[in-house]
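User: Hey, I've got a structure to get through for class. Can you walk me through it if I throw questions at you?
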Amino acid sequence: MKPLRIFVADDDEDDRFLIMEVLKDIDQSFDLCFFTDGTALMEGLSNRPAEELPGIIIADLNMPKLNGLGALKMSKKMAQLRNIPFFILSTSSAERDMQESINSGAVDFLVKPNTYDDLLLILNRAISTVFGNNQPRFAHG
């Protein structure tokens with residue numbers, strides 16, 4: 001079984017590093033690809049062969065150029081991308097942001113927590129929601 005490919009878009013370098021560490025802690029075999037904004041994410045997804053598409057997309061809500069919600073809406077309009085589970089991750093806990101994300105096709109709206117362990121729990125739960133017991137293995141402590 002090939003490793004799960006996860007595309008992550010976040011404009012904050014520290015957040016990208018933390019997300020990378022957490023995802024590797026969940027499962028070392030994850031194939032991770034990071035983007036600094038929604039435009040770069042969509043460029044990374046465009047014209048990619050089906051076998052190279054990610055199994056999950058995680059995008060920050062607030063980014064320059066194209067935000068996570070814009071990338072979500074664009075991906076849901078593209079036949080080759082519309083069925084890829086897409087999660088919005090944000091420091092915002094505003095009900096309208098959550099509702100718009102879900103209504104636009106996000107699997108879930110994940111509020112960025114303040115601790116590594118909480119982010120580990122949230123991302124592990126999100127991935128498990130999509131893949132059930134087959135993936136991932138909770139590798140942390």
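User: Which way does H2 pass H3, in a right-handed or a left-handed crossing?
Analyst: H2 passes H3 in a right-handed crossing. Keep in mind that this is a predicted model.
User: Ok, and at what angle do their axes cross?
Analyst: Roughly 25 degrees, and the axes of H2 and H3 come within 9 Å. Angles under 35 degrees count as roughly parallel, so H2 and H3 are roughly parallel to each other.
User: Which residues meet there?
Analyst: On the H2 side you have Gly-38, Leu-41 and Met-42, and in H3 they meet Ala-71, Met-74 and Ser-75.
User: Staying with H3, which of its residues are buried?
Analyst: H3 covers residues 68-76, and the buried ones are Gly-68, Leu-69, Gly-70, Ala-71, Leu-72 and Ser-75.
User: And what do those buried residues pack against?
Analyst: Two helices and two strands: helix H2 (38-45), helix H4 (95-103), strand S3 (56-60) and strand S4 (86-90).
User: What caps the N-terminal end of H3?
Analyst: That's Asn-67, which has a side-chain oxygen 3.1 Å from the backbone nitrogen of Leu-69.
User: Asn-67 got me looking at Asp-60. What does Asp-60 touch?
Analyst: Leaving out residues up to four places away in sequence, Asp-60 touches Ala-9, Asp-10, Asp-11, Asn-67, Gly-68, Leu-89, Ser-90 and Lys-112. So your Asn-67 is one of the residues that Asp-60 touches, and Gly-68 from the buried set in H3 is another.
User: Where is Asp-60, and is it buried or exposed?
Analyst: Asp-60 sits in strand S3. The relative accessible area of Asp-60 is 6%, and the cut-off for buried is under 20%, so Asp-60 is buried.
User: New topic: how many aromatic pairs does a search of the whole structure find?
Analyst: Just one aromatic pair turns up. The rings belong to Phe-7 and Phe-35, with centres 5.2 Å apart and planes at 55 degrees, so the pair is tilted.
User: Why those two values?
Analyst: Because a pair of aromatic rings is described by the distance of the centres and the angle of the planes.
User: Which strands do the two Phe residues come from?
Analyst: Phe-7 is in strand S1 (residues 5-9) and Phe-35 is in strand S2 (residues 31-35). They are 28 residues apart, so the pair links distant parts of the chain.
User: Are the two of them buried or exposed?
Analyst: Phe-7 is buried, at 1% relative accessible area, and Phe-35 is buried too, at 10%.
User: What about Phe-30, where is that?
Analyst: Phe-30 lies in the loop between H1 and S2. Phe-30 counts as buried as well, with 2% relative accessibility. From C-alpha to C-alpha, Phe-30 is 7.0 Å from Ile-6, though 24 residues separate the two in sequence.
User: Which loop residue other than Phe-30 has its C-alpha 8.8 Å from that of Ile-6?
Analyst: Leu-53, and those two are 47 residues apart along the chain. Leu-53 lies in the loop between H2 and S3 and is buried, with a relative accessible area of 12%.
User: What does Leu-53 touch?
Analyst: Not counting residues up to four places away in sequence, the list is Arg-5, Leu-45, Arg-48, Gln-80, Leu-81 and Ile-84.
User: What's the phi of Asn-47?
Analyst: Near 55 degrees, which is a positive value in a residue other than glycine.
User: Why point that out?
Analyst: Because most residues other than glycine have a negative phi. Lys-65 also has a positive phi, about 65 degrees, and is not a glycine either.
User: Where are those two, and are they buried or exposed?
Analyst: Asn-47 is in the loop between H2 and S3 and is exposed, at 80% relative accessible area. Lys-65 is in the loop between S3 and H3 and is exposed, at 75%.
User: Last one: how do H1 and H5 pack?
Analyst: H1 (residues 13-26) and H5 (residues 116-131) pack at an angle of about 60 degrees with their axes 9 Å apart, so they are oblique to each other. H1 passes H5 in a right-handed crossing. Residues making the contact include Leu-18, Ile-19 and Val-22 of H1 and Leu-119, Leu-120 and Leu-123 of H5.

Key: Residues are numbered from 1 along each chain as its sequence is written. This is a predicted model: local features need pLDDT of at least 70, side-chain atom pairs count only at pLDDT 80 or more; totals for chains, interfaces and linings use all residues. Side-chain values use heavy atoms; hydrogens and water are left out. Buried means under 20% relative accessible area, exposed over 50%, partly exposed in between (1.4 Å probe, protein chains only). Helices (H or I, at least four residues) and strands (E, at least two) are DSSP runs, numbered from the N terminus. Contact means heavy atoms within 4.5 Å. A polar contact is a pair of N or O atoms within 3.5 Å; within protein, one must be able to donate a hydrogen and the other to accept it, and residues adjacent in sequence count only if both atoms are side-chain atoms. Rings of Phe, Tyr and Trp (its six-membered ring) pair if their centres lie within 6.5 Å; planes under 30 degrees apart count as stacked, over 60 as edge-to-face and the rest as tilted. Axes are lines fitted to C-alpha atoms, for helices over the stretch in contact, and angles run from 0 to 180 degrees between N-to-C directions. Angles under 35 degrees count as roughly parallel, over 145 as roughly antiparallel, 65 to 115 as roughly perpendicular and the rest as oblique. A crossing is left-handed if the near helix is turned anticlockwise from the far one by less than a right angle, and right-handed if clockwise.
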